[in-house]
Amino acid sequence: MSEHKIESIRVHRILIPAKAVHSHGSGDVAGINVVILEITTDTGITGWGEASPWPVFTGTSEGNAAVLHVHLRPHLIGQDPVQVERHMTMADKVVVGHPEAKAALEMALLDITGKISGLSVSELVGGRMRDDMGMSFSIANPDFSADLDDIAAMWDDGVRIFKFKTGFAGHKFDLMRCERMREIYGDEADLRIDYNQGLPAYDAVRCIRDLEAFRPTFVEQPVKMHERDVLAHIAHVIDTPIMADESVFDPKGALYGAQIRIADIYSLKIMKSGGIRRALEVAAIARAAGIEIYGGCMFETGLAHAAGAHLMAAVPDLVLQCEFYMATYYAQEDILTDPFPVRNGRVHVPQGPGLGVAVDPDRLARYSVCSPLG
Ligand SMILES: [Mg+2]
């Protein structure tokens, strides 16, 4: 047991406007609508967490704020923050689902534990296999000419990985954009495809075969999340690797996915698995099954990106890199005191104890949509 006790828990709801609307097979997103969790101990240590839901995918910010403030807070006040698994097991017993709220809780507890021990979060969960990783940007602006301008600027920044969000404006639009990117950037660009469930199951194979002409590294979640047998069929018949995102959330989903060989790759996300350590369990199941992993994210601030970077630093193998681009290239502003570390197209894992990042209180207040709870 540590000598620290949880003294206060505050729940902030914030909305940060985006630089541009991003369109997906499952709808448009125009901002970062998240819950920021602030846990302080009686010894004056503050840990930060973030729940980053997407209503059509995982849940809502209103629901996650209520889970943290109403349902979990009474079980945490006065408790030892270092006993992370005990609190996460409690959270699963108290409320079903809401993995984003659970990810926020674990993030804040690990941040505190890291600050107490002097270790970074990646070191707390097993140690760093890498200090930086390639960063993918999502091409999702319905105005493709505006996207091309942004891509040109990012290319100058060193970004070489681009993921097309497809299935929201028709197959011809998707083919045109892929063709244009290959014309401009040739094979130096690492192009990926993400349908976000946007293809009808009956015609998915034919659409994906058309796009294979542009040599995508993978095709992500072409069909609906519940169409797991269809996804497994697609992975079986298509040569390009297929990724499961919406169809695989947590270790139980990862195990079922491995049993039916649902995909060649899993997108790891702390907001789906309910935290970093559960995501490492997903990664372990994938590794045992010969399924590759990828560092995915939701619409997040640099705070959740930092947690994601610590997760992806700790996995044994990482060939497909990550997509923690929101704080740098999507949000109009971030809430961290120092910019989330992206340099030369690569995400750098934050240094220092805990998450290794700090929240700016003025920015937190500026983007708050209501008074904090707690
Ligand atoms: Mg995805």
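Tutor: Before we start, a helix here is a DSSP run of H or I with at least four residues, a strand is a run of E with at least two, and both are numbered from the N terminus. Keep in mind that this is a predicted model.

Student: Got it! How many helices and strands does the chain have?

Tutor: There are 14 helices and 13 strands in the chain.

Student: And what's the overall size?

Tutor: Along the principal axes, the C-alpha atoms fill a box of roughly 60 × 45 × 35 Å. The radius of gyration is 20 Å, which agrees with the value near 21 Å for a compact globule of 374 residues.

Student: What share of the residues count as buried?

Tutor: Of the 374 residues, 52% count as buried. As for contacts between residues at least 6 apart in sequence, 75% of them join residues at least 24 apart.

Student: How is the chain divided into domains?

Tutor: Domain 1 covers 6–118 + 359–366, and domain 2 covers 123–348. Their contact takes 36 residues from domain 1 and 40 from domain 2.

Student: Which elements of domain 1 touch domain 2 with two or more residues?

Tutor: Those are β1, β2, β3, α3 and α14 (361–366). By C-alpha atoms, the centres of the two domains are 23 Å apart.

Student: Let's look at the sheet with β1, β2 and β3. What's the strand order?

Tutor: The order is β1-β2-β3 in an open sheet with antiparallel pairing. β1 (6–24) and β3 (46–51) each have a single partner strand, so each has one side without a neighbour in the sheet. On average, neighbouring strands here are turned by 20° against each other, direction ignored.

Student: How many bridges join β1 to β2?

Tutor: The count is 14, with β2 spanning residues 27–41. One bridge pairs Ile-6 with Thr-41 in β2.

Student: Which helix lies across β2 and β3?

Tutor: That's α3 (residues 99–117), which runs at about 160° to β3.

Student: Switching topic: what is the phi of His-98?

Tutor: Phi of His-98 is near 50°, a positive value in a residue other than glycine. His-98 sits in the loop between α2 (84–94) and α3.

Student: Is His-98 buried or exposed?

Tutor: His-98 has 25 C-beta neighbours inside 10 Å, so this residue counts as buried; the cut-off for buried is 20 or more.

Student: What about Arg-261, where is that?

Tutor: Arg-261 is in the loop between α9 (251–259) and β10 (265–268). Arg-261 also has a positive phi of about 50° although it is not a glycine. With 15 C-beta neighbours inside 10 Å, Arg-261 counts as partly exposed.

Student: Now the largest nonpolar core. Which residues touch the most other members?

Tutor: They are Leu-37, Leu-68, Ala-104, Ala-263 and Tyr-266, out of 115 residues in that core. Both domain 1 and domain 2 give residues to this core, so it lies between them. In soluble globular proteins, nonpolar side chains tend to be buried together.

Student: What is Leu-37 in contact with?

Tutor: Beyond its neighbours within four places in sequence, the contacts of Leu-37 include Val-11, Trp-48, Leu-68 and Ala-104.

Student: One last thing: how do β5 and β6 run, parallel or antiparallel?

Tutor: β5 (residues 136–139) and β6 run parallel, joined by 4 bridges. Ile-139 stands opposite Phe-164 in β6. In β6 (residues 161–165), 4 of the 5 residues are buried, so this strand is largely enclosed by the rest of the structure.

Methods:
Residues are numbered from 1 along each chain as its sequence is written. This is a predicted model: local features need pLDDT of at least 70, side-chain atom pairs count only at pLDDT 80 or more; totals for chains, interfaces and linings use all residues. Two strands pair if DSSP finds at least two bridges between them. Axes are lines fitted to C-alpha atoms, for helices over the stretch in contact, and angles run from 0 to 180 degrees between N-to-C directions. Two residues are in contact if their C-beta atoms, placed from the backbone, lie within 7 Å. A residue is buried if 20 or more other C-beta atoms lie within 10 Å of its own, exposed if 12 or fewer, and partly exposed in between; C-beta atoms are placed from the backbone. A nonpolar core is a set of buried Ala, Val, Leu, Ile, Met, Phe, Trp, Tyr and Cys residues joined through C-beta atoms within 7 Å. Domain bounds come from an automatic or database domain assignment. The radius of gyration is taken over C-alpha atoms; the globule rule is 2.2 Å times the number of residues to the power 0.38.
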